[in-house]
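Please follow the explanation below with the sequence and the model side by side, since it moves from charged pairs to aromatic rings and then to the sheet.

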Amino acid sequence: MPAPTPLRLQRTWRYLNAWRAGGPPVAERELEVDRGDRSVPATLFLPRRDPQPSVRWVVLHGITRPGRLHPSLLRFARSLAATGASVLVPEVPEWIGLDLAPGRTAPTVRAALRALDEHTGPSDDTAPFERTAPPALDTPGGTHTRTGLMGFSFGAPQALITAGRPHLADRFHSVAGFGGYFDLERTFRYLLSGHHEWAGRTEARRPDPYGRWIVAANFLTGVAGYESAGSVAQALRALAREAGDRQLPSIDPAFDPVKTRLEAGLEAGDRALFRRFAPPAADDPAFDDTEAREWAARLAAAGRAAEPLADPGAHLGAPRAEVHLLHGRGDDLIPYTETLRLGEALRERGQPPDQLAITGLFAHSAADHRWHPLRAVGEAARFAGALSRVLAL
């Protein structure tokens, strides 16, 4: 691995310093971008010290109610802009509505690129991007502009798929995925039981039920024998919405009264099914691993039928851009082993990721504070190194 350049170290320091301070003053502009089927809101972040930044990022949020306005994402985007980059975060309204709608990714990204061209000037993508070209500017004052694509959670594999599309491949010099997944069925198994595996070793932790509620809200009625369970799916979506709006951990017992109220509004024959997916916090998870495997297979089949792109395995190409994959080892929504599978799939396609980092420093949307202080220092150093490579665009 080449030694970090002064500019790369400067960008990393600016990012970390801005994150620690909660984000420095940056120019922020609300935009409407034309996705083709509709206009969607987007937020553009610009560094105040450099009105013509040489680096541009499009950042995709995940399946979350706040969308581009999620506090952690806002802090991330502001810190990223502090490095000297322009950052555009478009909203995907379907994802805010908790719809697993991957087909909205490419139109959103195309709209974001047009907006960046309009507001920051076109990037240097008139000729096909060559991976052998210098990956970053190592001296201030350069004239080249490079564009990267980032995705978080559900948006991570969709960013990889989109960056590999022929009509978009030349637009991106780097693509980064944080907390993504590769195998739909394995991910669903984890959401139901907390079990996941890699290289023959099985691990278990308590999963975040938020993901299970969303999966069932989207795909339950596509499972054979449950076509009429629409009221259960609607109740689970309402529960996930409330969790997202209140910004509390979904495992919090504070949601038990909400579950009781939603369950009471269902027909008697639907209440047991609702409780299987949304039991009281003390009883969660309600699925043992055998049952979880069966349900995961059925839900994944329904998901592939309804939204083929939701299962990245069959659609993941080999992006021509640099690829960076990062995941928190303590993630309780998507297991870190899914990012290992993403990396393995890219290697099998002839393009191993330029970086794959599993860190214990953070979970899906927050820090994991259970480390001993000395070990946390080591984790922080490793994460800073991984982040530095992403920022080297």
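**Charged pairs, aromatic rings and the sheet**

With a relative accessibility of 24%, Glu242 counts as partly exposed. The model in which this value was computed is a predicted one. Glu242 forms a salt bridge with Arg246, and the closest N and O atoms of the two are 3.4 Å apart. Arg246 is likewise classed as partly exposed, at 36% relative accessibility. Both residues belong to helix 8 (residues 230-246), where they are separated by about one helical turn because they stand four residues apart.

This pair is one case in a wider set, for the structure holds 25 salt bridges. Another joins Glu197 to Arg186, again with 3.4 Å between the closest N and O atoms. Here the partners come from two elements, Glu197 from strand 7 (residues 195-198) and Arg186 from helix 6 (residues 184-193), so the salt bridge ties together parts that are 11 residues apart in sequence. Glu197 has a relative accessibility of 23% and counts as partly exposed, and Arg186, with a relative accessible area of 35%, is also partly exposed.

Helix 6 takes part in a further contact through Arg189, whose side chain meets that of Asp289 in a salt bridge of 2.9 Å, N to O. Since Arg189 lies in helix 6 and Asp289 in helix 11 (residues 289-306), this pair ties together parts that are 100 residues apart in sequence. Arg189 counts as buried, because its relative accessibility is 7% and the buried class covers values under 20%. Asp289, at 17%, counts as buried as well. These contacts belong to a network of salt bridges that links Asp183, Arg186, Arg189, Glu197, Asp289 and Arg293.

Helix 11 also leads to the aromatic residues. The whole structure contains nine aromatic pairs. Phe277 and Trp295 form one that is edge-to-face, with 5.3 Å from centre to centre and 85 degrees between the planes. Because Phe277 lies in helix 10 (residues 268-277) and Trp295 in helix 11, the pair ties together parts that are 18 residues apart in sequence. Both Phe277 and Trp295 are buried, and together with Tyr226 and Phe287 they form one aromatic cluster. Charged side chains meet two rings of this cluster: Arg276 lies over the face of Phe287, at 4.5 Å from the ring centre, while the charged end of Arg298 sits over the ring of Trp295, 5.1 Å from its centre.

What order do the eight strands of the open sheet follow? The order is 1-2-4-3-5-6-9-10, and the pairing is mixed. Strand 1 (27-34) and strand 10 (355-359) stand at the edges with a single partner strand each, so one side of each is left without a neighbour in the sheet. From one strand to the next, the twist averages 20 degrees. Within the sheet, strand 5 (residues 146-152) and strand 6 (residues 174-178) run parallel and are joined by five bridges, and Met150 stands opposite Ala176 in strand 6. Helix 4 (residues 105-120) packs on the sheet, where it touches strand 1, strand 2 (39-46), strand 3 (55-60), strand 4 (85-90) and strand 5. The direction of helix 4 makes about 150 degrees with that of strand 3.

Terms used. Residues numbered from 1 in each chain as written. Predicted model: local features only at pLDDT ≥ 70, side-chain atom pairs only at ≥ 80, totals over all residues. Heavy atoms only, no water. Salt bridge = Lys/Arg side-chain N within 4 Å of Asp/Glu carboxyl O. Buried < 20%, exposed > 50% of the residue type's maximum accessible area, 1.4 Å probe, protein only. Phe/Tyr/Trp six-rings, centres within 6.5 Å; stacked < 30°, edge-to-face > 60°. Lys NZ or Arg CZ within 6 Å of the ring centre and 35° of its normal. Pairing = 2+ DSSP bridges. Axes fitted to C-alpha atoms, helices over the stretch in contact; angles between N-to-C directions. Contact = heavy atoms within 4.5 Å.
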